[in-house]
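Work through the exercises below with the sequence and the structure open beside you. Try each task before reading its solution.

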Amino acid sequence: MTKEHIMAQEILSKVGGKDNLEKVIHCMTRVRMSIVDYSKVDIEGLKAIDGVMGIVEDDMLQVVVGPGTVNKVANEMSSMIGVPLGEKIQHHLSNKERVEREAKLVKDDINRRNDSKLKRILRSIANIFVPLIPAFVGAGLIGGIAAVLSNLIVGKHLDPDTWQMYVDVLNVIKNGLFAYLAVYVGINAAKEFGATPGLGGVIGGTTLLMGMNPEAPINNVFTGQPLAAGQGGIIGVLFAVWLLSIIEKKLLKIVPNAIDIIVTPFITLLIMGLATIFIIMPLAGFVSNGLTGAINWVLNIGGPFSGFVLGATFLPLVMFGLHQVLTPIHIEMINQSGATYLLPILAMAGAGQVGAAIALWVKCRKNKKITNLIKGALPVGILGIGEPLIYGVTLPLGRPFITACIGGGIGGAVVGGIGKVGSVAIGPSGVSLIPLISDNMYLGYIAGLLAAYAGGFLATYFFGTTKEMTAPQSIDEV
């Protein structure tokens, strides 16, 4: 019996078993579960499971187990439940249980209405992009390797007759995601908004203008200029699919069941297809241009100050799982500028945490409980996966989390001061982001990493520990 199998069993037990789950999915580091009845969940028991680094209670219960492990644990849970990951778990309920569940759903609906509208929007956006994270990481790194090889060919360090084919193949794999990203986002957005996923994918594909005649392009009704494929970007796709979900739900209420399969998708796609091309794409293009322009202006004008603020405040976003909402902004910056200049600055937050962890290892070396946690979380932290360090080390200790944020701010200030340090794709941060840095600005990014390491180390070494942390303690002590 593997460690992951045991973890899956224990997690399933502590959340109340299969009957208390509606859906199980996972992201890069977290097993995410939709819970039927939270009163049956043993939060403290979950935290005590060997290998669990932290718990996030949000619209889905999130159990942080770390990269690599999360895939195995989630798949073990899926096998135990007998339902594929991401699919709804069907329950056979008695009449009494059905009534009780309906009452709970009404109560949950009231609670959701009282929830912050902004928070719900941010959660929805995050839920749309979380399933795409592995694809971003894989395709981004493949694209980064292709870019490095291409630069070596241009610099005449590699023979183009031999290596160009490999570059082309890597780019084909990378573009399997990025060329059709609007389609994937459309499908996930439809799932999140309660619409038919296939229809969401069609609307995403509509923004690519694949059927347009280049000799007679479709014009922007507001400016008279030809529409560009992808205009409005991911922001436009999200808004269009949200409207599609509203239209489809209204049609489902009025269209007779006998003709629903024909009429509903036809009318929904016709209305939203026309609206997307002639209204949403032009308006969303204006919004996305303004948004990315404003961010670039802040980075250019603010320089080190903007870099410090962004680097220092990013860890709390990661802590609450809200960092995924920045993905559409990164994508738009890449579409318009060829690189996102925001990601390398935000990556400094994780580097500050690495510096803080090293300082704790040095200063708290007699505390074997802390150093043992650091040993497991530090390697992946260096590679850009910061959640194990957050939930396993810095956040539970308190002070080191704050000093890690300071380190991230220092690194962000360096990257912001150097300027024009961008990433050609979305991928992991830390050292792993180096292959994705654009325009050969590798040294600028590395300088930021080193500054964040040093800042996090010094701030934590001098201000981030207490006597209790540095006192001798064995691994078995609580």
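The exercises that follow concern a predicted model, and each one is solved in steps.

**Exercise 1. The order of the strands**

Task: Work out in what order the strands of the open sheet lie and which strands form its edges.

Solution.
Step 1. Start with strand S1 (residues 21-26) and strand S2 (residues 30-35), which pair in the antiparallel sense over 5 bridges. In this pair, Leu-21 stands opposite Ile-35 in S2. S1 and S2 form a hairpin, with 3 residues between them.
Step 2. Look for another partner of S2. S2 pairs with S4 in the antiparallel sense over 4 bridges, and Arg-30 is found opposite Val-64 in S4.
Step 3. Look for another partner of S4. Strand S3 (residues 54-57) is joined to S4 by 4 bridges, and the two run antiparallel. Here Glu-57 faces Leu-61 in S4. S3 and S4 also make a hairpin, again with 3 residues between them.
Step 4. Put the pairs together. The open sheet has 4 strands in the order S1-S2-S4-S3, with antiparallel pairing. S1 and S3 are the edge strands, since each pairs on one side only. From one strand to the next, the twist averages 20°.

**Exercise 2. The two faces of a strand**

Task: Decide whether the faces of strand S4 (residues 61-64) are covered or open.

Solution.
Step 1. Sort the residues by side: Leu-61 and Val-63 are on one side of S4, and Gln-62 and Val-64 are on the other.
Step 2. Check each residue for burial. All four are buried, and both faces of S4 are covered.

**Exercise 3. Two residues of one loop**

Task: Compare Thr-207 and Ala-216: which is buried, and which is partly exposed?

Solution.
Step 1. Locate them. Thr-207 lies in the loop between H9 and H10. Ala-216 is also in the loop between helix H9 (197-206) and helix H10 (233-254).
Step 2. Apply the cut-off: buried means under 20% relative accessible area, and exposed means over 50%. Thr-207 has a relative accessibility of 4%, so Thr-207 counts as buried. Ala-216 has a relative accessible area of 49% and is therefore partly exposed.
Step 3. List the neighbours. Not counting residues up to four places away in sequence, Thr-207 touches Ala-182, Ala-229, Gly-230, Gln-231, Val-237, Thr-276 and Met-281. For Ala-216, take a distance along the loop: its C-alpha atom is separated by 9.0 Å from that of Pro-226, 10 residues apart along the chain.

**Exercise 4. A helix and a residue that touches it**

Task: Find how many residues of helix H17 (residues 387-397) are buried, and which residues Gln-353 is in contact with.

Solution.
Step 1. Count in H17. Of its 11 residues, 8 are buried, and the helix is mostly covered. The buried ones are Glu-387, Pro-388, Leu-389, Ile-390, Tyr-391, Gly-392, Val-393 and Thr-394.
Step 2. See how the helix ends. H17 is followed by Gly-398, which has a positive phi, near 85°.
Step 3. Turn to Gln-353, which is placed in helix H15 (residues 348-363). Its relative accessibility is 0%, so Gln-353 counts as buried.
Step 4. Leave aside neighbours within four places in sequence. Gln-353 is then in contact with Leu-315, Gly-386, Leu-389, Ile-390, Thr-394 and Ala-404. Among the buried residues of H17 are Leu-389, Ile-390 and Thr-394.
Step 5. Add a distance. The C-alpha atoms of Gln-353 and Leu-378 are 9.2 Å apart, with 25 residues of separation along the chain.

**Exercise 5. Two packed helices**

Task: State how H18 and H19 are directed relative to each other, and which residues meet.

Solution.
Step 1. Read the geometry. Helix H18 (residues 399-418) packs on helix H19 (residues 442-463) at an angle of about 150°, and their axes are 7 Å apart.
Step 2. Apply the cut-off: angles over 145 degrees count as roughly antiparallel. H18 and H19 are therefore roughly antiparallel to each other.
Step 3. Give the handedness: H18 passes H19 in a right-handed crossing.
Step 4. Name residues in the contact. Those of H18 include Pro-400, Ala-404, Gly-407, Gly-411 and Ile-418, and those of H19 include Gly-444, Gly-448, Ala-452, Gly-455 and Phe-463.
Step 5. Classify the contact: its residues divide into 12 nonpolar, 8 polar and 1 charged.

Technical notes. Residues are numbered from 1 along each chain as its sequence is written. This is a predicted model: local features need pLDDT of at least 70, side-chain atom pairs count only at pLDDT 80 or more; totals for chains, interfaces and linings use all residues. Side-chain values use heavy atoms; hydrogens and water are left out. Axes are lines fitted to C-alpha atoms, for helices over the stretch in contact, and angles run from 0 to 180 degrees between N-to-C directions. Angles under 35 degrees count as roughly parallel, over 145 as roughly antiparallel, 65 to 115 as roughly perpendicular and the rest as oblique. A crossing is left-handed if the near helix is turned anticlockwise from the far one by less than a right angle, and right-handed if clockwise. Contact means heavy atoms within 4.5 Å. Ala, Val, Leu, Ile, Met, Phe, Trp, Tyr, Cys and Pro count as nonpolar, Asp, Glu, Lys and Arg as charged, and the others, Gly among them, as polar. Buried means under 20% relative accessible area, exposed over 50%, partly exposed in between (1.4 Å probe, protein chains only). Two strands pair if DSSP finds at least two bridges between them.
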